[in-house]
Amino acid sequence: MTRDLPTISEAKQEAKHLRATLAEQGEAISHAQALERVAQRHGYRDWNAFHAALRARPPQGWEVGGRVTGRYLSQPFAATVLATDEFRPGWFRLVLDLEAAVDVVRFDSFSNLRKRIRVEVGPEGHSKERTSDGTPHVALDLAHSGSERTSHEP
């Protein structure tokens, strides 16, 4: 589909609004029926298919060509997403082209600058890999809450 899809939270709000509007017009429907109608408005056969499609999308900005900011090895960065792949629900492999190279070595006498990095990040926007002090290797700034991707309510 070429049109922009809402987030799961936005779709639920749309269903809530639809239900209230129909109630004002004298037509009472359940929340589940409202969700089904919202899914059909967006071209999906039912809420389950729509919900699955929404969950399969990377968070806003994590798509190819998107812009992300965050910290890599505790250093701030801004980058363009060159590739993205969901390898399990909520977890993405991203290839990032950093605006400015980041030194991945902490020694004064040696440097190793990286401009392109491959990272795996979860729904919280950070990697499971951590430095010796417990800081995630990468932590992306989330423009929108990642919690809506992990919501299991209808």
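Leaving aside its neighbours within four places in sequence, which residues is Ala15 in contact with? Keep that in mind as you open the viewer, and remember that you're looking at a predicted model.

**Stop 1: Ala15**

Select helix H1, residues 8–24, and find Ala15 inside that run. Now show what surrounds Ala15: beyond the neighbours within four places in sequence, its contacts are His31, Ala34, Leu35 and Val38. With a relative accessibility of 0%, Ala15 is buried, because the cut-off for that is under 20%. While you're here, pick the C-alpha atoms of Ala15 and Glu36: the two residues sit 21 places apart along the chain, and those atoms are 8.4 Å apart.

**Stop 2: strand E1**

Next, select strand E1, residues 67–72, and turn on its side chains. In general, side chains in a regular strand alternate between the two faces of the sheet. Here, Val68, Gly70 and Tyr72 point to one face and are buried. Arg67, Thr69 and Arg71 point to the other face and are not buried.

**Stop 3: the partners of E1**

Add strand E2, residues 75–88. E1 and E2 run antiparallel and are joined by six bridges. Look at the hairpin they make: two residues lie between the strands, and Leu73 takes a positive phi near 50°. Then bring in E5, residues 138–140, which also runs antiparallel to E1, with three bridges joining the two. Tyr72 is a handy marker here, standing opposite Gln75 in E2 and opposite Val138 in E5.

**Stop 4: the cores**

Now colour Val68, Phe77, Leu94, Leu96 and Leu140, the residues with the most contacts inside the largest nonpolar core, which has 17 residues. E1, E2, E3, E4 and E5 each give two or more residues to this core, and E3 gives the most, with five. Centre on Val68 and look past its neighbours within four places in sequence: its contacts include Trp62, Phe77, Val81, Leu96 and Leu140. There's also a second, separate core of 16 residues, with Leu18, Leu35, Tyr44 and Trp47 among them. You've met Leu35 already, as a contact of Ala15.

**Stop 5: Thr131**

Last, go to the loop between strand E4 (113–121) and strand E5 (138–140), and select Thr131. Is Thr131 buried or exposed? Its relative accessible area is 15%, so Thr131 counts as buried, the limit being under 20%. Not counting residues up to four places away in sequence, Thr131 touches Leu73, Arg106 and His137. Leu73 is a familiar one: you saw it in the hairpin of E1 and E2.

Conventions
Residues numbered from 1 in each chain as written. Predicted model: local features only at pLDDT ≥ 70, side-chain atom pairs only at ≥ 80, totals over all residues. Heavy atoms only, no water. Helix = DSSP H or I, 4+ residues; strand = E, 2+ residues; numbered from the N terminus. Buried < 20%, exposed > 50% of the residue type's maximum accessible area, 1.4 Å probe, protein only. Contact = heavy atoms within 4.5 Å. Core = buried A, V, L, I, M, F, W, Y, C linked by side-chain atoms within 4.5 Å. Pairing = 2+ DSSP bridges.
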